[in-house]
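Me: I am new to this structure and should be grateful for a close look at a single part of it. Please take the sheet, and explain how its strands are arranged and what lies against it.

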Amino acid sequence: MVWKEIIILLFGLLSTTAMAAQDIADTKIKKYRKIGNLKIDTSFQAAYLQDFMVPFSEFKDLQNCRIKIKNKKLKTTMAARPNFFSVLLGKKNRRYVIVVNDDLKFNGVKLQDVPSEARIGLFAHELMHIRDYESRKITGIVERGYQYLSHNGKIKVEHYTDSLTIAAGFGQNLYHWASYVLHDSDACEDYKAFKAEVYMKPVTILNQMEQTF
Ligand SMILES: [Zn+2]
């Protein structure tokens with residue numbers, strides 16, 4: 001293992017320990033329902049499960065993954081990440097968490113306001129993060145965490161994830177999502193500017209769809 005890999009591995013361990021501790025604390029007070037390998041917070045189940053199942057039912061490879069969907073205060077609408085301790089235990093034991101922002105003061109895009117067709121695009125995007133993690137070994141996963149520390153790294157990862165979403169057949173929904181965020185949502189202007197920079201713009205999504213299909 002080269003020094004760079006050792007450093008990013010150590011960094012990953014330190015930065016995710018706090019998240020894992022939070023996961024354990026959350027499990028004690030929340031109720032979840034299991035559907036196959038999915039463990040779903042009951043509030044998500046009631047409001048969004050039908051939309052989530054549209055892309056999820058298409059992604060057979062992800063149905064074997066252990067994924068937990070839970071609520072948390074975030075700086076974005078949703079996020080998907082591996083549970084780092086599970087990553088240390090090897091690929092067979094790997095678990096993933098999809099977190100949904102439940103911060104009522106959040107001035108970005110709230111999931112409850114998003115139209116169904118756009119929401120399906122966002123869910124497909126989050127699931128593509130998991131497909132990307134699944135294709136990676138431990139050092140590759142830590143590398144992703146490292147990339148998220150820089151603005152350019154974020155742009156690279158999010159554009160790649162958007163292109164996976166298009167390749168998986170959810171370009172139209174992703175277009176609705178990107179378009180909703182920038183043109184129809186109540187998000188503040190700073191948030192929209194950030195989104196326009198880090199993620200594919202609606203026109204880029206349409207162009208890539210034309211090239212892909
Ligand atoms: Zn993303």
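Reply: The account below begins with the chain as a whole, turns to the sheet and then closes with a pair of helices.

The model is a predicted one. Its chain has 213 residues, of which 31% count as buried. The secondary structure amounts to eight helices and five strands, and the order of these elements from the N terminus is α-β-β-α-β-β-α-β-α-α-α-α-α. Of the contacts between residues at least 6 apart in sequence, 75% join residues at least 24 apart.

The sheet is open and is formed by five strands, in the order β1-β2-β3-β5-β4, with mixed pairing. Its edges are β1 (32-35) and β4; each has a single partner strand, so one side of each is left without a neighbour in the sheet. From one strand to the next, the twist averages 20°.

In general, the strands of a sheet pair through backbone hydrogen bonds, in either a parallel or an antiparallel manner. Both manners can be found here. Strand β2 (residues 38-41) runs parallel to strand β3 (residues 66-72), and three bridges join them. Within this pair, I40 stands opposite I69 in β3. Strand β5 (residues 95-101), by contrast, pairs with β4 in the antiparallel sense, over five bridges. There, R81 stands opposite V97 in β5.

The edge strand β4 deserves a further remark. Four of the five residues of β4 (residues 78-82) are buried, so this strand is largely enclosed by the rest of the structure, although β4 has a single partner strand in the sheet.

As to what lies against the sheet, helix α2 (residues 42-56) lies across β1, β2, β3 and β5. Its direction is at about 95° to β2.

Helix packing can also be followed later in the chain. Helix α6 (residues 151-184) packs with helix α8 (residues 202-212) at an angle of about 155°, and their axes are 8 Å apart. Because of that angle, α6 is roughly antiparallel to α8. The crossing in which α6 passes α8 is left-handed. On the α6 side the residues of the contact include I166, L174 and L182, and on the α8 side they include I205, L206 and M209. The residues of this contact divide into 10 nonpolar, five polar and one charged.

How values were computed
Residues are numbered from 1 along each chain as its sequence is written. This is a predicted model: local features need pLDDT of at least 70, side-chain atom pairs count only at pLDDT 80 or more; totals for chains, interfaces and linings use all residues. Axes are lines fitted to C-alpha atoms, for helices over the stretch in contact, and angles run from 0 to 180 degrees between N-to-C directions. Helices (H or I, at least four residues) and strands (E, at least two) are DSSP runs, numbered from the N terminus. Angles under 35 degrees count as roughly parallel, over 145 as roughly antiparallel, 65 to 115 as roughly perpendicular and the rest as oblique. A crossing is left-handed if the near helix is turned anticlockwise from the far one by less than a right angle, and right-handed if clockwise. Two residues are in contact if their C-beta atoms, placed from the backbone, lie within 7 Å. Ala, Val, Leu, Ile, Met, Phe, Trp, Tyr, Cys and Pro count as nonpolar, Asp, Glu, Lys and Arg as charged, and the others, Gly among them, as polar. A residue is buried if 20 or more other C-beta atoms lie within 10 Å of its own, exposed if 12 or fewer, and partly exposed in between; C-beta atoms are placed from the backbone. Two strands pair if DSSP finds at least two bridges between them.
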